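Here are some notes to read alongside the model. Have it open next to you and follow the points in order.

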Amino acid sequence: MDNILIVSNTSSTMGIISDFMRFERVGQVFASQNGSHARRYITESDFDLIIIDSPLPDEQGDDLAITAADKTTAGIILIVDNSIEMEVSTRVEDFGVFVLPKPTTPEFFYKAAKLITASRLRMQKLENENQRLQKKIEEIRIVDRAKLILIQVLKMTESQAQHYIEKQSMDLRQTRLTTAENILRTYE
């Protein structure tokens, strides 16, 4: 993990986090004692994990967790009093916030943090795959537009246009996308 944001005004949570960091490689740890300060951190930096120990001096913490979930891709752990865990969990779970009851043990916290980290990594892989597929779809659209131009302007068949684009790409040692973009610039 590179960056962690801890939002807490108690030293007990800091102690649990310190125990966690002994077992885990962590880059930078940012600490905040209230929600407004934490919101500034969220807008200024990118975090892998955000830990919120509720209540905070200026708010409960669930709104901060929802804001963090909306504005970042960080894994978010919200630590709340055992008596309100279910109520808060119902409110924030749709945003991907993991709620832990207080008091919690370092072992339970460590397992929760590992689970959040693993889920975040899996999600990042899916996002990367999604971006790759989006780029591929865009490339197909551009190549198809170029084929359509060749069909309309040069009166080629679809297979001739496809062959032309592939041959140009090989001959000029460039991607099909670059060839298609050149065709579009030439004929549009």
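1. A word on naming first: helices (H or I, at least four residues) and strands (E, at least two) are DSSP runs, numbered from the N terminus. This is a predicted model, where local features need pLDDT of at least 70, side-chain atom pairs count only at pLDDT 80 or more, and totals for chains, interfaces and linings use all residues. Residues are numbered from 1 along each chain as its sequence is written, and side-chain values use heavy atoms, with hydrogens and water left out.

2. Let's start with helix α3, which covers residues 62-71. Its buried residues are Asp62, Leu64, Ala65, Ile66 and Ala68. Buried here means under 20% relative accessible area, while exposed is over 50% and partly exposed is in between (1.4 Å probe, protein chains only). What sits over those residues? The cover for the buried part of α3 includes β1 (3-7), α2 (35-44), β3 (49-53), β4 (75-81), α4 (85-92) and β5 (97-102).

3. Next, the cores. A nonpolar core is a set of buried Ala, Val, Leu, Ile, Met, Phe, Trp, Tyr and Cys residues joined through side-chain atoms within 4.5 Å. The largest one has 22 residues, and Leu5, Ile50, Ile52 and Leu78 touch the most other members. Two or more residues come from each of β1, α2, β3, α3, β4, α4 and β5. Which element gives the most to this core? That would be α3, with four residues. There is also a second, separate core of 12 residues, and Ile51, Ile77, Leu100 and Ile116 are among them.

4. Ile50 deserves a closer look. Contact means heavy atoms within 4.5 Å. If you set aside neighbours within four places in sequence, Ile50 is in contact with Leu5, Ile42, Ala68, Thr72, Ala74, Gly75, Ile76 and Ile77.

5. Now for the charged pairs. A salt bridge is a side-chain nitrogen of Lys or Arg within 4 Å of a carboxyl oxygen of Asp or Glu, and by this rule the count comes to 11. One network of salt bridges links Asp62, Glu87 and Arg91. Asp62 also appears among the buried residues of α3.

6. Move on to helix α5, residues 106-153. Arg141 and Glu138 form a salt bridge there, at 3.8 Å from N to O. Why are they about one helical turn apart? Because the two are three residues apart in α5. Arg141 is exposed, with a relative accessible area of 53%, whereas Glu138 is partly exposed at 37% relative accessibility.

7. Asp144 is in α5 too. Across the helix's sequence, Asp144 and Ala113 are 31 residues apart, and their C-alpha atoms are 46 Å apart in space. Asp144 pairs with Lys147 in a salt bridge whose closest N and O atoms are 3.6 Å apart, and these two are three residues apart in α5, about one turn of the helix. Is each partner buried or exposed? Asp144 counts as partly exposed at 38% relative accessibility, and Lys147 as buried at 9%.

8. Finally, Lys147 has a salt bridge with Glu158 as well, at 3.6 Å from N to O. Lys147 lies in α5 and Glu158 in α6 (residues 158-172), so the pair ties together parts that are 11 residues apart in sequence. Glu158 is exposed, with a relative accessible area of 52%.
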